[in-house]
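Please look over the sequence and the structure shown below before reading on. The report then turns to charged pairs and to a pocket.

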Amino acid sequence: MFRTWKYVLGDSDYPQAKLPKGAKILYFKYQNKVPCIWAYVNAEMPDEIRKFWVVETGQVMNIDPRFLYYIGSDTFETSVGPHVGHLYELVGQGKGNLVVS
């Protein structure tokens, strides 16, 4: 059965989520300063772990862009002004050890 589900990614820079195999990510948005995704899923498929990376504007990204799939960007307010986060999914060899600085 196909459905659209919300997944809260948490506050890690390198969140992981358990989604049904083949899930298609539709949307990324911060809710209460926490990154969330919405995905179109077949609820009858077995789960798989998917790895993500939340990057701030201007942050150094020491990973080959071939291993990043851009999902979306969003903002939220902080005490020092707006924060912009960009969400990528790690794909291919990027699913292994992520080395960033």
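At its relative accessibility, does D64 count as buried, partly exposed or exposed? D64 counts as partly exposed, at 26% relative accessibility, where buried means under 20% relative accessible area, exposed over 50% and partly exposed in between (1.4 Å probe, protein chains only). This is a predicted model, in which local features need pLDDT of at least 70 and side-chain atom pairs count only at pLDDT 80 or more, while totals for chains, interfaces and linings use all residues. Residues are numbered from 1 along each chain as its sequence is written, and side-chain values use heavy atoms, with hydrogens and water left out.

**Salt bridges**

Side chains of opposite charge can pair when their charged atoms come close. With a salt bridge taken as a side-chain nitrogen of Lys or Arg within 4 Å of a carboxyl oxygen of Asp or Glu, the count comes to 3.

| Pair | N to O distance |
|---|---|
| D74 and K29 | 3.6 Å |
| E89 and R50 | 2.6 Å |
| D64 and R66 | 2.6 Å |

The pair of D74 and K29 links distant parts of the chain, 45 residues apart, with D74 in strand β6 and K29 in strand β3 (residues 24-31); strands are DSSP runs (E, at least two residues) numbered from the N terminus. E89 lies in strand β7 (residues 81-90) and R50 in strand β5, so this pair ties together parts that are 39 residues apart in sequence. Both E89 and R50 are buried, whereas R66, the partner of D64, is exposed at 62% relative accessibility.

**The surroundings of D74**

D74, in strand β6 (residues 68-78), is buried at 12% relative accessibility, while its partner K29 is partly exposed, with a relative accessible area of 31%. The side chain of D74 also reaches the backbone nitrogen of Y30 at 2.7 Å. Not counting residues up to four places away in sequence, D74 touches F28, K29, Y30, H83, V84 and G85, contact meaning heavy atoms within 4.5 Å.

**The largest pocket**

A pocket is an open set of points on a 1 Å grid over the protein atoms alone, where a 1.4 Å probe fits, with protein on both sides within 12 Å along at least five of seven lines; its lining residues have an atom within 4 Å of a point. About 160 Å³ of space lies in the largest pocket. Its lining is made up of 14 residues, of which D11, D13, Y30, V54 and H83 lie nearest the centre. Two or more lining residues come from each of β4 (34-42) and β5 (47-56), and β5 gives the most, with 3 residues.

Definitions and conventions
Grid points are joined across faces, edges and corners, and a volume is the space filled by probe spheres set on the points. Helices (H or I, at least four residues) and strands (E, at least two) are DSSP runs, numbered from the N terminus. A polar contact is a pair of N or O atoms within 3.5 Å; within protein, one must be able to donate a hydrogen and the other to accept it, and residues adjacent in sequence count only if both atoms are side-chain atoms.
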